[in-house]
Amino acid sequence: MKEKTKEFLKKYLIGFILGIVSACTISVIAATYFPSNQTTYDNSNTELKSENVQDAIDELYGVCTSEKVDVGGKDVIVVDEGDGLYKDEYEDGRYFYKGGNPNNYVYFNCIDIDNQSSSTCEIWRIISINADKTIKIMRDESIGNIQWDSSNSNNWARPASLNTYLNSTYYNELNANAKNQIVVKEWGIGAITGGNNDLANQINNENATKWNGKVALATVSEYIRSNSNKSSCGSYSLIFDNYSSCVSTGWMDTTSVSHWWTLSPASGTSNFTFYVNNRGQINYGYAYFTGYAVRPVVYLSSDVKITGGDGSDVSPFELG
């Protein structure tokens, strides 16, 4: 009886699985019945790539048993290598998009929310999914070269002149639907030390000082955490030393922007702020420098839902 059942499953199960991909219980039972120790799972999406029964069972089993995170009402599988969404090891309940080109593209600030495309919207990227289900996003391209602070102070909450601009002039010029999706959040604006190889300590320092607002910038630690190659690019100094290889495993280092400001001030000074240079290295300069680009960052409400797209560069997520 067992052999007949096995032959029946081999003959018909592949069609059955493909017809009800969401029925994960079937795959778990099948994977138990047909175990395989030679399958490497690529769970970057939920489309089956296998061409035979055994591989399809193993692949679907991997998809069904992987951790998933709700990103705007869409289940996204958590990965631990390559491009994709990673569980953050430093802040509970937070997930980061890492890698050279993960599927974290999103349409934002659309002229027509019912007709989202590259001609009616801006392209942004998802930085992280947070414990409260808010989504942190960053504009993929710069809005121009702007001084971090015209008075050469690195105190964002003072407020710095860029803070004032982003939360007044820039915010007010956003489309109404974009403004409705943004929430006021608490941002870590604490000073950090250059060359710090202790990322956990750096994050604690960033979060030691808080500011509440709608629009700001990415921190140095977020830039580091967007890189999937922790062994070679997982700290300030590692990225500085290995920049030529780190550029291929970190999506924030875009060729469309040269030097760009971060939110993080340098400790021990009152006028130096960190930026990412055109080689992808982290450095610091006077806050009044004018030649550095600005890539705004906002938090989207937990009520914002993904209504279309797959997050790729050719089909960014659509927000409703």
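This passage describes strand pairing, aromatic contacts, internal spaces and unusual backbone geometry in a predicted model.

Strand β12 covers residues 272–276. All five of its five residues are buried. Burial applies to both faces of β12, with Phe-272, Phe-274 and Val-276 on one side and Thr-273 and Tyr-275 on the other. The strand has a partner in β11 (residues 260–265), with which β12 pairs in the antiparallel sense over three bridges. Within this pairing, Pro-265 has Thr-273 of β12 as its bridge partner. The hairpin of β11 and β12 has six residues between the strands, and Gly-268 there takes a positive phi near 80°.

β12 also pairs with β13, again in the antiparallel sense, over five bridges. Five residues separate the two strands of this hairpin, and Gly-280 in the turn has a positive phi of about 90°. Across the β12–β13 pairing, Phe-272 stands opposite Tyr-286.

Aromatic side chains were examined next. The count comes to 17 aromatic pairs. In one of these, the ring centres of Phe-272 and Tyr-286 lie 4.5 Å apart and the planes meet at 25°; the pair is therefore stacked, the limit for stacking being under 30 degrees. This contact links distant parts of the chain, since Phe-272 belongs to β12 and Tyr-286 to β13 (residues 282–286), 14 residues apart. Tyr-286 has 30% relative accessibility and so counts as partly exposed, whereas its ring partner Phe-272 is buried.

A second pair is formed by Phe-289 and Tyr-292, whose ring centres are 5.8 Å apart; because the planes stand at 85°, the pair is edge-to-face. Of these two residues, Phe-289 is partly exposed at 29% relative accessibility, while Tyr-292, at 9%, is buried. Both pairs fall within one aromatic cluster, formed by Tyr-236, Trp-261, Phe-272, Phe-274, Tyr-275, Tyr-284, Tyr-286, Tyr-288, Phe-289 and Tyr-292.

Two arginines are placed over tyrosine rings. The charged end of Arg-125 sits 3.7 Å from the centre of the Tyr-105 ring. Arg-279 lies over the face of Tyr-243, at 4.6 Å from the ring centre.

The second largest pocket holds about 340 Å³ of space. Its lining consists of 22 residues, and Glu-91, Arg-94, Asn-130, Glu-186 and Tyr-299 lie nearest the centre. Two or more lining residues come from each of β8 (185–188), α6 (199–207) and α7 (220–225). The most are given by β8, with four residues. By residue class, the lining of this pocket contains 11 charged, six polar and five nonpolar residues.

Two cavities of 30 Å³ or more were found in a search of the whole structure. The largest cavity has a volume of about 50 Å³ and is lined by Tyr-223, Ser-226, Asn-227, Ile-239, Cys-246, Val-247, Gly-250 and Asp-253. Four of these lining residues are nonpolar, three are polar and one is charged.

The second largest cavity contains about 30 Å³ of space. Its lining is made up of Tyr-107, Phe-108, Asn-109, Cys-110, Ile-113, Gln-116, Asn-177, Gln-181 and Leu-319. At least two of the lining residues are supplied by each of β5 (105–108) and α5 (176–181). No charged residue occurs in this lining, which divides into five nonpolar and four polar residues.

Several backbone features lie in loops. The peptide bond from Arg-158 to Pro-159 is cis, with omega near 5°. Pro-159 is located in the loop between β7 (135–139) and α4 (161–172). Asn-152 lies in the loop between β7 and α4 as well, and has a positive phi of about 65° although it is not a glycine. With a relative accessible area of 16%, Asn-152 is buried. Lys-133, another residue other than glycine, also has a positive phi, near 75°. Its place is in the loop between β6 (122–129) and β7. Lys-133 counts as partly exposed, at 43% relative accessibility.

Methods: Residues are numbered from 1 along each chain as its sequence is written. This is a predicted model: local features need pLDDT of at least 70, side-chain atom pairs count only at pLDDT 80 or more; totals for chains, interfaces and linings use all residues. Side-chain values use heavy atoms; hydrogens and water are left out. Rings of Phe, Tyr and Trp (its six-membered ring) pair if their centres lie within 6.5 Å; planes under 30 degrees apart count as stacked, over 60 as edge-to-face and the rest as tilted. Buried means under 20% relative accessible area, exposed over 50%, partly exposed in between (1.4 Å probe, protein chains only). A charge sits over a ring if NZ of Lys or CZ of Arg is within 6 Å of the ring centre and within 35 degrees of the ring normal. On a 1 Å grid over the protein atoms alone, a cavity is a set of points where a 1.4 Å probe fits but cannot get out, and a pocket is an open set with protein on both sides within 12 Å along at least five of seven lines; lining residues have an atom within 4 Å of a point. Grid points are joined across faces, edges and corners, and a volume is the space filled by probe spheres set on the points. Ala, Val, Leu, Ile, Met, Phe, Trp, Tyr, Cys and Pro count as nonpolar, Asp, Glu, Lys and Arg as charged, and the others, Gly among them, as polar. Two strands pair if DSSP finds at least two bridges between them.
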